[in-house]
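Me: I would like to go through this model with you, one question at a time. Please keep each answer tied to the residues themselves.

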Amino acid sequence: MIDIVAVLRAEDAVLDFLSVLTAPGPTGRQDESPEVHVLFGDPAEHLVLPAGVPTAERLDAVARHVRPVDESAASPGPAALAALIEAAAQGAPARLWTHSPADTRRSRGRLGRDAAAAAPDGPPVLHAVGHSPYLQFISDLDRPLDRAGAEAKLAFVNRHCGHLLRTESAEHVVATGRVHATERFFSAGPEERERLFALLASLDEDAASVPDPWEFATSAYEAERLDSTVAWIAGHCPPGSGHLVEVGACEGALTTRLAEKGFTVHATEPNPAFRRRLTDAVGETARVHPASLEELAARPELPGAAYLLIEMLYYGQDLALLDRLPADLVFVALEPETLATRLTPWLESAPHWEKADETPLVAPALETVCGGRAYLSKRGSIGVLLRRTGV
């Protein structure tokens, strides 16, 4: 069995896959370590670590491929990776180790997804949990390092990756949480990999690569949040009192609930894939528009009784845009920390708005995602109704 390790950059092979590079031979002796092939995705290079080579020599060979910080480092794509994997395996039984599609470093997540997709009928794939500060993973294989292994990993970093300890690059910085004392791995099918990749995409176009990436349709937490949001809106702006403009409606989880309660809704969604699913979901019960918040503010041609900014002010939008929305009521929902750090300070000095109501919508909860592969903390949601003051 040939072990093939496919990583974005050379240091990843040691930080996430040291236990693979230095696995002992069949009798447990380190000098019988099997042959390992390491594929560096960004430069598309192939390193062979011959059988029986000691750990120090293996790490020295990897170290020669460590490069300066490069924000453009990226997966070469499934086709290039397929060629590298085929050249490494040469038709022999093999096993592929690569990054997690849900690695928070998107460059690594994309390479892990691409490597697994490169050879759908090829070797079995194991993904390293890698850097995952937001998710707790249910792994299939855990390999704790002994003290000698941990010391070898730290020595590699200190000797060859000093520039990565100092960099401010979020993609490439080496910090304590990225130097794992236990290396954890899991296997996943194509659908699970795609869902994991989309889950971490945030506003990236890849978020729409699978339907319902945030699992609104199956999450008890999300159902409670959405139902509470509808009830909160109806308490201040009941059906029949004018149409609502829902900004960033995604696939229509809230839109359909509002329509079922008798609201007239204009739902806006700039992402084409989400917008197609939104249109399919709402049918004739709501009007769908492609505008973003910025476009709605720049061209205030869609007046409403109220604007709904529900769970979407997380991405650095200029809150002054609210001044140009053609409505005197704006419903905002945010998790408590963002509410306290972004909306509340802005509102204290905003001349045109006052807080008319603040209502807890759902309490924080822990919840599984991706079919139970991982779990995370849902942070709760608070609704704030803003009323224009006319000043």
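Me: Leaving aside its neighbours within four places in sequence, which residues is F17 in contact with?
Reply: This is a predicted model, in which local features need pLDDT of at least 70 and side-chain atom pairs count only at pLDDT 80 or more, while totals for chains, interfaces and linings use all residues. Residues are numbered from 1 along each chain as its sequence is written, and side-chain values use heavy atoms, with hydrogens and water left out. Taking contact as heavy atoms within 4.5 Å, and leaving aside neighbours within four places in sequence, the partners of F17 are V5, V7, D12, W97, T98, H99, A128, E183 and F185.

Me: Which element gives the most residues to the largest nonpolar core?
Reply: A nonpolar core is a set of buried Ala, Val, Leu, Ile, Met, Phe, Trp, Tyr and Cys residues joined through side-chain atoms within 4.5 Å, where buried means under 20% relative accessible area, exposed over 50% and partly exposed in between, with a 1.4 Å probe and protein chains only. The largest such core has 30 residues, and V5, F17, L21, V38, V62 and F156 are those with the most contacts inside it. The elements that give two or more residues to this core include β1, α1 (10-21) and α5 (147-160), helices (H or I, at least four residues) and strands (E, at least two) being DSSP runs numbered from the N terminus. With eight residues, the element that gives the most to this core is α1.

Me: How far apart in sequence are D3 and R95, whose side chains meet in a salt bridge?
Reply: A salt bridge is a side-chain nitrogen of Lys or Arg within 4 Å of a carboxyl oxygen of Asp or Glu, and the side chains of D3 and R95 meet in one at 2.8 Å, N to O. D3 counts as buried at 5% relative accessibility, whereas R95 is partly exposed, with a relative accessible area of 26%. D3 lies in strand β1 (residues 2-7) and R95 in strand β4 (residues 94-99), so that the pair links distant parts of the chain, 92 residues apart.

Me: Which residue of helix α7 meets R373 in a salt bridge?
Reply: R373 is buried, with a relative accessible area of 12%, and sits in the loop between β15 (365-369) and β16 (374-378). Its salt bridge spans 2.5 Å, N to O, and the partner in α7 (residues 190-199), 181 residues apart from R373, is E192.

Me: Are E222 and K378 buried or exposed?
Reply: The side chains of E222 and K378 meet in a salt bridge of 3.1 Å, N to O. This pair joins helix α8 to strand β16, 156 residues apart, and both E222 and K378 are buried.

Me: What is the distance from R178 to the nearest side chain of opposite charge?
Reply: R178 lies in the loop between α6 (162-166) and β8 (182-186), and a polar contact of 3.4 Å joins its side chain to that of H131; a polar contact is a pair of N or O atoms within 3.5 Å, where within protein one must be able to donate a hydrogen and the other to accept it, and residues adjacent in sequence count only if both atoms are side-chain atoms. For charge, Lys and Arg count as positive and Asp and Glu as negative, while His and the chain ends are not counted. R178 is buried yet has no salt bridge, and the nearest side chain of opposite charge, E171, is away by 6.5 Å.
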